[in-house]
Amino acid sequence: MSHLQPLAALGGLLLGGALLGGLLWWQSGLQPAVSSDDWRPPCVARLGKTYAEFGPTVAVDERPARNLLFGVDRSGSNRELADAQLDAAVAYAATLEPESGVGVLLITDRSDRSTTPDMPFEPGEVGRRWTAAPVLCDGCKPDSLFQQKCLEQLDVAQDRRVGELNAVEDGRRTRLQEERAVRIHDWRDRVAGYTPKPGTSLLAFFTKLADLPPVRREPERTTVVVMSDLEASQAGERKQLDKFERAYRASGTCPEASWLPKGISGLEIALVQSVRDGIDADLWARRWDAVLTCAGAHVRRHRYSAAVPLRQLLDEPAGPAIALAD
């Protein structure tokens, strides 16, 4: 008996140690992962193939992306406001979110893009968003206490992971926007002294516009903001526009014209008109409205004012209530 009692005590200690070790091992599977590379708690490894690659789902950001193109008239008739308008266009372009494509073009006497220092068009980059995946299917219940506890930890860990991934994406988008803003302002500095030759042509500008990738590929998602006094400086172009507009008003239909801009159908074109003494602003606005409408574009008309930020101006309804420039 004296020998059996120590053996029994030793056996009890061994059994208790084994039970305690098993409990610690079971609980250790429910602790958060230490490694930053594996965000899931270690217990997931014991849940089987269903959770072998479990994680948040990612989808393309559904916010509607658009392309925004600015055309700035730096001709002699618009020179008084040209710098202010270019600065307004650059300020607007630099604050666009990275999913929007953007470009700034200079309205000149020619449609040949190689002769004009336009800002290269920068396409938008679509963002991504992560969302948490359900840890259990609808109507399903945990099949054990272990699975229940593990899935509770997995749910918490996944929410934390989703927050981390979306924070990284937000930082990436902010960096893209800031880098693009630097490029836009650098371009503005390089073209500060550019002045086109006399004879600026808006028809040539729209020909150039039609050749740009966003206009060819995504006209329905592209807005063009034309900042100009809209007055044609070339005698031949003035006659064409005058004849076209009179025929359009007389018949109510679009006249045939071989020179009508092609390739701009589906575009939204906002005419932001500079108004100055000595020209009939309404006449030139009507003429271009008729020409562009007959070319298939959707036309909005605004009056430019240095006192109204361009973003606010374009977000307001078009019409005569827009303040006139000084």
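Helices (H or I, at least four residues) and strands (E, at least two) are here DSSP runs, numbered from the N terminus. The model is predicted, so that local features need pLDDT of at least 70 and side-chain atom pairs count only at pLDDT 80 or more, while totals for chains, interfaces and linings use all residues. Residues are numbered from 1 along each chain as its sequence is written, and side-chain values use heavy atoms, with hydrogens and water left out.

**The whole chain**

Begin with the whole protein on display, which has eight helices and eight strands. Buried residues, meaning those under 20% relative accessible area (exposed is over 50%, partly exposed in between, with a 1.4 Å probe and protein chains only), make up 42% of the 326 residues. The accessible surface, from the Shrake-Rupley method with a 1.4 Å probe, comes to about 17,800 Å², and 55% of it belongs to carbon and sulfur atoms. Where contact means heavy atoms within 4.5 Å, residues 24 or more positions apart account for 76% of the contacts with a separation of 6 or more.

**Helix α3 and Q158**

Select residues 145–190 next, which form helix α3, and pick out Q158 within that helix. At 0% relative accessibility, Q158 counts as buried. Leaving aside neighbours within four places in sequence, Q158 is in contact with W39, F54, G55, P56, A132, A133 and V135.

**Strand β5 and R128**

Move to strand β5, residues 128–131, where R128 is found. R128 is partly exposed, with a relative accessible area of 38%. Not counting residues up to four places away in sequence, R128 touches V58, A59, D61, N166, E169 and R172. Show also L165, which lies 37 residues from R128 along the chain, and the two C-alpha atoms will be found 9.6 Å apart.

**The open sheet**

Now colour the six strands of the open sheet, whose order is β4-β3-β2-β6-β7-β8 with mixed pairing; two strands pair if DSSP finds at least two bridges between them. At the edges are β4 (119–122) and β8 (298–303), each of which pairs on one side only. From one strand to the next the twist averages 20°.

Within this sheet, select β2 (residues 67–73) and β3 (residues 101–107), which pair in the parallel sense over seven bridges. G71 stands opposite L105 in β3. Add helix α2 (residues 79–94), which packs on the sheet and touches β2, β3 and β6 (222–228), its direction making about 170° with that of β2. Axes are lines fitted to C-alpha atoms, for helices over the stretch in contact, and angles run from 0 to 180 degrees between N-to-C directions.

**Helix α7 and its surroundings**

Finish at helix α7 (residues 281–294), whose 14 residues reach 20 Å from the first C-alpha to the last, close to the 20 Å expected at 1.5 Å a residue; the expected span is 1.5 Å times one less than the number of residues. Helix α7 is mostly covered, with eleven of its 14 residues buried, including W284, W288 and C294. These buried residues pack against α4 (202–210), α6 (235–251), β7 (268–273) and β8.

Keep α6 and α7 on screen together, as their axes come within 9 Å and cross at roughly 75°. The two helices are therefore roughly perpendicular to each other, on a scale where angles under 35 degrees count as roughly parallel, over 145 as roughly antiparallel, 65 to 115 as roughly perpendicular and the rest as oblique. Among the residues that meet there are L241, F244 and Y248 in α6, and L283, W284 and V291 in α7. Just after α7, the last stop is G296, which takes a positive phi of about 100°.
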